[in-house]
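Trainee: Could you take me through the charged pairs of this protein, and show me how each label is earned?

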Amino acid sequence: MRTKKVSSSSSIPGAQIEDNVLTLESVVVLLLGMIVPYVVYLKYRSEGNANVVCVCNILKVLLLHWRLQLQSTMASEEDYRGIRVCGMQFSYDGQQPPLFLDFSLNVAPGSRCLLVGANGSGKTTLLKILAGKHMVGGRDVVRVLNGSAFHDTQLVCSGDLAYLGESWSRNVGSAGEIPLQGDFSAEHMIFGVEGADPDRRDKLIELLDIDLQWRMHKVSDGQRRRVQICLGLLHPFKVLLLDEVTVDLDVVTRMDLLDFFREECEQREATIVYATHIFDGLETWATHLAYIQDGELRRTEKLSDVNELKSSTNLLSVVESWLRAETKLEKKNPVHNTSHVQKTSFASSPFFSSRHMAYYR
């Protein structure tokens, strides 16, 4: 369950973020380490030579050590409480090549992992896959809290796995995406969630500075986002996936919310994966970083091990340099798509864009 090590500066290969990961290689080595000493011990134990007996005793100790190590590693594998992606492949309908190909990622419990990358690199898709919104491969390809992200619906129903992504909206005809709104209060929505802890609910209302009398069809985008975040955090999460949720928040609310997330991770060992383009104040907030480029994991390491941050304390400038280098590489090696695009019946539709439609523009 290892991932490709693309950057030589990555001290933790393939977003491993944890060293105690059971791999096929480690199982084979451990088994050989158990079998070979045992065979040698059985062969020479009857000779009675003092040196042979001494060697056999050492081999017995090694045998016991390796057996305990194997049992410990397998136990941690069975009770893994973080996020694990192994050899994932994913593409949208008709997409070639796939967005993700042999993609792997491990995030240990208690981590606050920043997910960075350019627009269209696959951050939102990855978060939705981790949230169980897309089915990918078998049950063991994407594991969250030791369960299948897609198949084990109890993860979401129990509130252990939480996803906060796009804002509330709906598609209305030619108007496109408009905010989802109605003439009801924030109090009606928040207190309508069953099973919420009253103390946690009151803390979130105060933290996000929510006026319970807000009418949802009269509030701003930022106020609507606060109510959405509050609803998503009412149940204590074990894994939280954030997709640019702070983009509509003011500075004070954003920093208070980040402090709340840090407290959740440190006190309850919750795990957070946060995709964002706003890096103010994240140098001391995040514990790990994963950089994605066109569906490929390019870098992953502890934030304290990022070499560029040792010469610059500004995370924004570091990520900017990565993205600018990525853009220059794309311009230097342009991708020419020569595949034939099959025309659909929509192309001959009277609603297809043409010069006759200019009147309606």
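Mentor: What follows is a short talk about salt bridges and exposure. This is a predicted model, in which local features need pLDDT of at least 70 and side-chain atom pairs count only at pLDDT 80 or more, while totals for chains, interfaces and linings use all residues. Residues are numbered from 1 along each chain as its sequence is written, and side-chain values use heavy atoms, with hydrogens and water left out.

Trainee: Why is the contact between D140 and R143 called a salt bridge?

Mentor: A salt bridge requires a side-chain nitrogen of Lys or Arg within 4 Å of a carboxyl oxygen of Asp or Glu. For D140 and R143 the N to O distance is 3.6 Å, so the pair meets that limit.

Trainee: What makes D140 exposed?

Mentor: Buried means under 20% relative accessible area, exposed over 50%, and partly exposed in between, with a 1.4 Å probe and protein chains only. D140 has a relative accessible area of 61%, and therefore counts as exposed.

Trainee: How do you know that R324 and E320 form a salt bridge, and which exposure class does each have?

Mentor: Their closest N and O atoms are 2.9 Å apart, so the pair satisfies the cut-off. R324, at 53% relative accessibility, counts as exposed, whereas E320, at 36%, counts as partly exposed. Because they are four residues apart in helix α10 (residues 315-332; a helix is a DSSP run of H or I, at least four residues, numbered from the N terminus), about one helical turn separates them.

Trainee: How many salt bridges does the structure hold?

Mentor: The structure holds 14 salt bridges.

Technical notes:
Helices (H or I, at least four residues) and strands (E, at least two) are DSSP runs, numbered from the N terminus.
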